[in-house]
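Colleague: I'm new to this one, so could you take me slowly through a single part? I'd like a close look at one hairpin and whatever sits around it.

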Amino acid sequence: MKLSKKKESWKRTDGRDWNELRPISIESGVLPNADGSAYIEMGRNKIIVGVFGPREMHPKHLAKPHTAVLRCRYHMAPFSVDPRRSPAPSRRDTEIGMVMRLALEPAIFLERYPRSSIEVFAEVLQADGGTRCASINASTVALVDAGIPMRDLVASCASGKIDDRIVLDMGDYEDKNGQADIPIAYMPKLERVTLLQMDGVLSPVELEQCVGLGVEGCMKIYEVQREALKKKYGDESKQSQEEE
Amino acid sequence: MSELFENRDLVLPGDVLFEGSIRTGDNTYRSQGRVCATRIGLVDYGRGIVSVIALEARYNPLVGDLVVGGVIDIDLDRWIVDIDASSDAFLSVPDAIDAPFTQDLVLPDILDVGDTVVAKLVDIDRRRTPILSILGRGLGKAEDGFIIRITPSKIPRLIGKKGSMVNMILKESGCSIIIGQNGRILVHGKNREQEEIVVNVVDKIEREAHTSGLTNRIQEYIKSLKER
């Protein structure tokens, strides 16, 4: 009895409930020079993403004859963390770039643009845990804004375990002091998971709970992504188009 | 069998547009008996076909298109032209000067890197590379003017029904305007004021391409610009 009462009033260090997302906002089309772009604030994360392509691949020998190549660059600005970080791409940057690529690839019709490349550049301006998820969320919006044909949007969110409790969308402090962290990327309409990583220790039952909770979080983020994309075109009910 | 949106609703990639058997039009794909959108756009239910009018799309080269491109490189016997497509286009000597290639031709004297060309897309070869030609009336190197870029999917709106929009802008502004299907627009006016009208109008059309009654609104907008 006492225990259950304690659980009800339990809050996280930033005052959130166990299944609550950080405040999230996305804006599309922020960079006029990119084919598509997006800016995301997810908690204290601030990330800007630019998308280019499909365009001619350089260097040419990296082009594939049967498909386009998706290239993702993840980079943290020197001022994104305290203490200052070296601006040179690190091993971690390269890995997260690859993780983003693998999470986004299943959603894009790459086979429609043989010999070309689609490039995604994610620049982390301020980091507070879960930057790979936030980068994937913003990249999806930027890819749609660039007019690249996609099967579905990709929404991404982490879940994990702190103080023996399963929680959603962990921040930097929770990430570092928690027991486990599971980033998930999910295509909501196709009901497919495109990214599932884990660090820490979880029992099989807890893992299942975490994945279930993470997918729920992705669904909420999916709605935010939709709103961000629709906002650019104003009130949808008044729209119509006369063709040429 | 059912339509899941109203005609002209805004849809996003992955949205299920139709359940059941129907032909898939532009910017849609079929998966597990359902038709879904691949781009952000307005859904269009036709007779036995579902398509999406894309609001954002990169240029998809089609034979017969008029394009405005930039020369980015010169090979031994051809120019390479950037037309904002998924691959660069080729312009070979016979398509540029109506004469076969000879060794004493100096290609940079005809077209140099950095030049802008107005060209017709005459072919797409088996490697899917667009082939251009600048033989014909109104085609060739652009000597004067400047370029505005808009999303290629909004070019039909800029042209209007049977050219109603572009003809109106031509008449009202007095500029010469060449609209490339690839989203590059070559504008050349007699003075700065004329050109500024076109810049403002094209910008407004790009922002409001998805709304109705645009031609009339643009006409009023030009009037208000002129009065300023």
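Modeller: Sure, and one term first: buried means under 20% relative accessible area, exposed over 50%, and partly exposed in between, using a 1.4 Å probe and protein chains only. Helices (H or I, at least four residues) and strands (E, at least two) are DSSP runs, numbered from the N terminus. This is a predicted model, where local features need pLDDT of at least 70, side-chain atom pairs count only at pLDDT 80 or more, and totals for chains, interfaces and linings use all residues. Residues are numbered from 1 along each chain as its sequence is written, chains are lettered from A and ligands numbered from 1 in the order in which they are written, and side-chain values use heavy atoms, with hydrogens and water left out.

Let's start with strand β16 of chain B, residues 176-179. Its side chains alternate: B:I177 and B:I179 point to one face and are buried, while B:S176 and B:I178 point to the other face and are not buried. The partner is β17(B), which pairs with β16(B) in the antiparallel sense over four bridges; two strands count as paired if DSSP finds at least two bridges between them. In that pairing, B:S176 stands opposite B:H188. The two strands make a hairpin with four residues between them, and B:G183 in the turn has a positive phi of about 95°.

Now look at B:R184, in strand β17 (residues 184-188) of chain B. B:R184 counts as buried because its relative accessible area is 6%. Here we need salt bridges: a side-chain nitrogen of Lys or Arg within 4 Å of a carboxyl oxygen of Asp or Glu. B:R184 forms one with B:D82, the closest N and O atoms being 3.4 Å apart. That pair links distant parts of the chain, since B:D82 is in strand β10 (residues 78-82) of chain B, 102 residues from B:R184. B:D82 is partly exposed, at 24% relative accessibility. B:R184 also meets B:D84 in a salt bridge, at 3.0 Å from N to O. B:D84 lies in the loop between β10 and β11 (89-92) of chain B, 100 residues from B:R184. With a relative accessible area of 14%, B:D84 is buried.

Just past the hairpin, have a look at B:E195, which belongs to helix α5 (residues 192-207) of chain B. So what is the nearest side chain of opposite charge to B:E195? It's B:R192, 5.8 Å away, and B:E195 is buried yet has no salt bridge. For charges, Lys and Arg count as positive and Asp and Glu as negative, while His and the chain ends are not counted. A polar atom of the B:E195 side chain does lie 3.0 Å from the backbone nitrogen of B:G189. Leaving aside neighbours within four places in sequence, B:E195 is in contact (heavy atoms within 4.5 Å) with B:F146, B:C175, B:H188 and B:G189. B:H188 is the residue we met opposite B:S176.

For a wider view, the count comes to 33 salt bridges over all chains. One of them joins A:R16 and A:E174, at 3.3 Å from N to O. A:R16 is in the loop between α1 (2-8) and β1 (24-28) of chain A, and A:E174 is in helix α4 (residues 172-177) of chain A, 158 residues apart. Both A:R16 and A:E174 are buried.

Technical notes. A polar contact is a pair of N or O atoms within 3.5 Å; within protein, one must be able to donate a hydrogen and the other to accept it, and residues adjacent in sequence count only if both atoms are side-chain atoms.
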